[in-house]
Amino acid sequence: MNETRTLARFVVETRFTDLPRGLVDNCKIAVLDALAAGFVGAVQPWAQRIVAVVRELGGAPEASVIHHDWRADVSRAAFANGVLIGAFECEPLTGSHASGTVLPAALAVSQREHLDGARFLTALAVGFEVSARLARTAVGLETVRGFHNPGTQGPFGAAAAAGKLFGLDALRLTSALGIAGSSSAGLLEFAWSGGDTKRLHLGRASQLGLESALLARGGVRGPATVLEGRSGYFNAFSTPPRLEKLLDGLGAQWAIEPPWLKSYATHVTHQAVVEAIQGLKREHPLDPRRITRVVIRGAPRIMEERHTARAPEDVLGGQYSLPFTAAVALTRDLSDPLVYNDAAVRDPVVRDLAQRIELVPLGEGSHDAPGVWPAEVLIECGAERHVRHTRPYKGSPPNPFTWDEACEKFRRYTSSIVDAPRATAIIDAVGGLERATDMAAVARLVALA
């Protein structure tokens, strides 16, 4: 019954020199990829509406907002940047979407306090790790209980990172986690009836986690058994949890290794199918209007009921649906995330294909690595027949991005939003984070001058 306290001690005691070199490199890749997602999010109308409210609320100009020319206080900046990073279904998954919950809080605090890059990276790593361990311990949180993982566990990771940056001791860090537990929220209902709430969850988690650390620093106490207690997080949000996974190997084996990123702006379970379709189209150019049959056979996880909407009303609904995303991939090159837009959702060819795509769940089988859900894609154009088997997609744990590949993706995703010199400056700054003397200079690069 000391799991919360043990996690708090891990956060407090971990130093930059404790981080493996590969972990530091992968954290920098996650930062660059998250910033790319934030820039893409900044041009989306639903994110712009949310951020406009943040600006209207005001606050001290302490921290930058991605691709905007004004600042907000650290709390609202964390909220806004979390929304932007999570606005278009393309942010890294490392730590269960921790790029949109932990990173915004850590960046805002580091900017305001003029902290160096090594402290920022350390806070990021421990915040990511707390998030990942909570996510792997809970059972049925999304599929049975109907909660959204980043919204519920995100405040813990953000509180851990912010508390680390504030220099909280183990007692106050435990309180920060305890307060964060009472901020856990986020329902999965958007998967069924649409809406913009999924975009809010990551930003709100970042904001509430940061505020939890601030409250703990000010002497507010939280329950020291918030995770494992009778009315704690796991008993409230999970079916019987795998509690042994929470602390197993803590400090020696990092749950966020290997990293987990996306290649396409769609749900993670659909990445490999999209990549297979992209590859098939390169080898056999297809006229989508000639397609007579599409069958996707694969692991049940990729075609759960919440991922099978045939006629979504908005982009989020499409990005969350396997048959609809497959239809979009058959008609567009999804290496450019911005082609997954309202025009794609309204395209009659896409909507017709989505109605006709057959989904055939197969046995789960055994997987060699997390996040690998095998599938087979069959496409028929009259008598012409093509079959493609999925492989671990680029960005998945068995097939991670290199730094050069992450840089290429950043430039490709932001090419219509950020000019080339600015993109280069951001890449260089992130690549040298451990040598940065003041994170405020890095944060200013992602804002509009």
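**A four-stranded sheet, a pocket and two cavities**

In this predicted model, strand β5 (residues 375-381) runs antiparallel to β6, and 6 bridges join the two. One of the pairs in this stretch matches Leu378 with Val387 of β6. Both strands belong to an open sheet of 4 strands, with mixed pairing and the order β4-β3-β5-β6. At the edges stand β4 (358-361) and β6 (384-389); each has a single partner strand, so one side of each is left without a neighbour in the sheet. On average, neighbouring strands here are turned by 15° against each other, direction ignored. Helix α16 (residues 322-331) packs on this sheet, where it touches β3 (293-298), β4 and β5. The direction of α16 makes about 130° with that of β3.

Next comes the empty space. Rolling a probe the size of a water molecule over the atoms shows where such space is left. The largest pocket holds about 1100 Å³. It is lined by 36 residues, and the closest to its centre are Ala135, Arg136, Asn149, Trp260 and Arg301. Two or more lining residues come from each of α5 (94-97), α7 (117-137) and α8 (149-166). Of the elements, α5 gives the most to this lining, with 4 residues. Sorted by class, the pocket lining has 17 nonpolar, 10 polar and 9 charged residues.

As for enclosed space, a search of the whole structure turns up 2 cavities of 30 Å³ or more. The largest cavity has about 60 Å³ of space. Around it sit Val31, Leu35, Leu103, Leu107, Phe120, Leu433, Met439, Val442, Ala443 and Val446. By class, that makes 10 nonpolar residues, with no polar and no charged ones. At least two of the lining residues come from each of α2 (21-42), α6 (102-113) and α21 (439-445), and α21 gives the most, with 3 residues.

The second largest cavity has about 40 Å³ of space. Its lining is made up of Leu23, Asn26, Cys27, Ala30, Thr94, Phe128, Ile256, Glu257 and Pro259. Here α2 gives the most, with 4 residues; α2 also supplies at least two residues to the lining of the largest cavity. The class split for the second largest cavity is 6 nonpolar, 2 polar and 1 charged, whereas the lining of the largest cavity has no polar and no charged residues.

Definitions and conventions. Residues numbered from 1 in each chain as written. Predicted model: local features only at pLDDT ≥ 70, side-chain atom pairs only at ≥ 80, totals over all residues. Heavy atoms only, no water. Pairing = 2+ DSSP bridges. Axes fitted to C-alpha atoms, helices over the stretch in contact; angles between N-to-C directions. Contact = heavy atoms within 4.5 Å. 1 Å grid on protein atoms, 1.4 Å probe; cavity = no way out; pocket = protein on both sides within 12 Å on 5 of 7 lines; lining within 4 Å. Points joined across faces, edges and corners; volume = space filled by probe spheres on them. Nonpolar A, V, L, I, M, F, W, Y, C, P; charged D, E, K, R; others polar.
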